[in-house]
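Subject: Handover of the structure

Hello,

Here is the structure I promised to pass on. Please open it first, then read my notes beside it.

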Amino acid sequence: MAPAPASAPTTHGNADRIAVAFARVLRGAGVEVPVGSVVSFAQALGAVGVRAEHPVYWAGRATLVTRPEDVPVYDRAFAAFWSGDGSPPSEVSEVVPLTLVTDDDPEAGPGPAERATEPPGATLTVRYSPTEVLRHKDFADCSPAELAEARRMMSDIRLRAALRRSRRLEPARGARGRPDLRRTVRGALRAGGEPIRRAYLEPGRRPRGVVLLCDVSGSMEPYARVLLRFLHAAVAGGTRVEAFAVGTRLTRLTRELSGRDPDAALREAATAVVDWSGGTRLGAGLRAFNDRWGIRGIARGAVVVILSDGWDRGDPDVLGAEMARLHRVAHRVVWVNPLKASPGYAPLARGMAAALPYVDDFVEGHSVASLENLVEVVAR
């Protein structure tokens, strides 16, 4: 192959004209070449030049070819245009029929009747993925086997909050912050007593705390046990994560959910929660949390996540007042409502309406995919 096209200029300044001419050849051969791809190809020629074959070939293939089936046409056009080797392709390659079929059972092969009616040409078999479907399925509609699989999928979830500025000082990379006398003196000793480089300290960064408050009342029964598995994955897999259960009383579950064995952790948590599937007193539960843990430090600067459908038998004014107290000390308050994904849902429950003015993010929590989205919301 010659180092430059046989039918086009070879200087670097003519890269634009070469790119346009080659794109015209490709279009004539049936390859769809957008204008933006031609511009990218011209820029690539300006960078790699037109003297060497290999860079020019891959610059064109990377910018002008968008479909794998166009590669043979591109190769023939490249050989004809840049080397004068053969005539340029004048028509699109023959279309090979491709049949797309689904395979529900990976163990079973095609039967005699299916083999007799197989269409000519290649056959591409795609397989149904129950995992992907289960990621978006509502927990309330899952079978016991699907719930077990959903709990297994949650084991991969890692809950991390965004970093915040810390009071602890760390070595600075540049000349900013406070002077670091110790490092400066140590460097001076290695340089014969001359402080050639001055070292500095700057505030470090650490992850924010995360507090999870899970409603375990009777109205949350279809979701509470699965969400408890989410709490275990968050507590066992993260740092500075606190977990509480809220029903008719507040129960701290951080210690029970800290174990690596999910079955043992969930058994201990179920034993600790004595008001499981009972009534709901969110206002009283939040007041207990604010008085004993939240205002004193756990919720200060943290991301507080409340997992509840908002159905509350208590006084909504109490819930609103406690949400206001919590919102003043927390970095952000996230409310996860499994019912939010229901068609036509509106936050009309008294508790939900009272709490919503103090919620920064109102998200869904009915499926594995929604909980994965919750992880991204917390990490903002």
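Below is what I found, going from the whole chain to the sheets, then to the hollows and a few single elements.

**Overall**

Please keep in mind that this is a predicted model. The protein has 380 residues, and buried ones make up 43% of them. There are 14 helices and 11 strands. Look at contacts with a separation of 6 or more: 72% of them link residues 24 or more positions apart.

**The six-stranded sheet**

Start with the open sheet of 6 strands. Its order is 8-7-6-9-10-11, and the pairing is mixed. Which strands stand at the edges? They are strand 8 (250-252) and strand 11 (361-364). Each has a single partner strand, so one side of each is left without a neighbour in the sheet. From one strand to the next, the twist averages 20°.

Here is how some of the strands are joined:

- Strand 7 (residues 241-246) and strand 8 run antiparallel, joined by 3 bridges. To find the pair on screen, look for A245, which stands opposite T251 in strand 8.
- Strand 6 (residues 210-215) and strand 9 run parallel, with 5 bridges between them. Here V210 stands opposite V303 in strand 9.
- Strand 9 and strand 10 (residues 332-337) also run parallel, again with 5 bridges. I306 stands opposite W335 in strand 10.

Is strand 9 mostly covered or mostly open? Strand 9 (residues 303-307) is mostly covered, and 5 of its 5 residues are buried. In a regular strand the side chains alternate between the two faces of the sheet. Strand 9 can be read that way: V303, V305 and L307 point one way, while V304 and I306 point the other way. All of them are buried.

**The three-stranded sheet**

A second open sheet has 3 strands, in the order 3-5-4. Its pairing is antiparallel. Strand 3 (163-171) and strand 4 (178-179) stand at the edges. Each has a single partner strand, so one side of each lacks a neighbour in the sheet. Strand 4 is joined to strand 5 (residues 200-207) by 2 bridges, and the two run antiparallel. R178 stands opposite L201 in strand 5.

**Cavities**

How many cavities of 30 Å³ or more does the structure hold? It holds 2.

The largest cavity has a volume of about 50 Å³. Its lining is L213, V246, L282, L286, I306, L319 and W335. You have already met I306 and W335 as an opposite pair in strands 9 and 10. By class, this lining has 7 nonpolar residues, no polar and no charged.

The second largest cavity has a volume of about 40 Å³. It is lined by L159, R160, A161, P207, R208, V210, T239 and V241. This lining is mixed by class: 5 nonpolar, 1 polar and 2 charged.

**A pocket**

Now the second largest pocket. It contains about 200 Å³ of space. Its lining residues are R183, T184, R186, G187, A188, R190, A191, E194, I196, R197, R198 and A199. By class, that gives 6 charged, 4 nonpolar and 2 polar.

**One loop residue**

Go next to T254, in the loop between strand 8 and helix 10 (262-272). Is T254 buried or exposed? T254 is buried, because its relative accessible area of 13% is under the 20% cut-off. Leaving aside neighbours within four places in sequence, T254 is in contact with V235, V241, E242 and A243. Among these contacts, V241 is also in the lining of the second largest cavity.

**One helix**

Finish at helix 14 (residues 368-378). This helix is mostly covered, with 8 of its 11 residues buried. The buried ones are V368, A369, S370, L371, L374, V375, V377 and V378. An α-helix has 3.6 residues a turn, so residues three or four places apart point the same way. Among the buried residues of helix 14, you can try this on V368, L371 and V375.

**Where to start**

If time is short, begin with strand 9, where 5 of 5 residues are buried. Then step to the largest cavity, which has I306 in its lining.

Best wishes

Definitions and conventions:
Residues numbered from 1 in each chain as written. Predicted model: local features only at pLDDT ≥ 70, side-chain atom pairs only at ≥ 80, totals over all residues. Heavy atoms only, no water. Pairing = 2+ DSSP bridges. Helix = DSSP H or I, 4+ residues; strand = E, 2+ residues; numbered from the N terminus. Axes fitted to C-alpha atoms, helices over the stretch in contact; angles between N-to-C directions. 1 Å grid on protein atoms, 1.4 Å probe; cavity = no way out; pocket = protein on both sides within 12 Å on 5 of 7 lines; lining within 4 Å. Points joined across faces, edges and corners; volume = space filled by probe spheres on them. Nonpolar A, V, L, I, M, F, W, Y, C, P; charged D, E, K, R; others polar. Buried < 20%, exposed > 50% of the residue type's maximum accessible area, 1.4 Å probe, protein only. Contact = heavy atoms within 4.5 Å.
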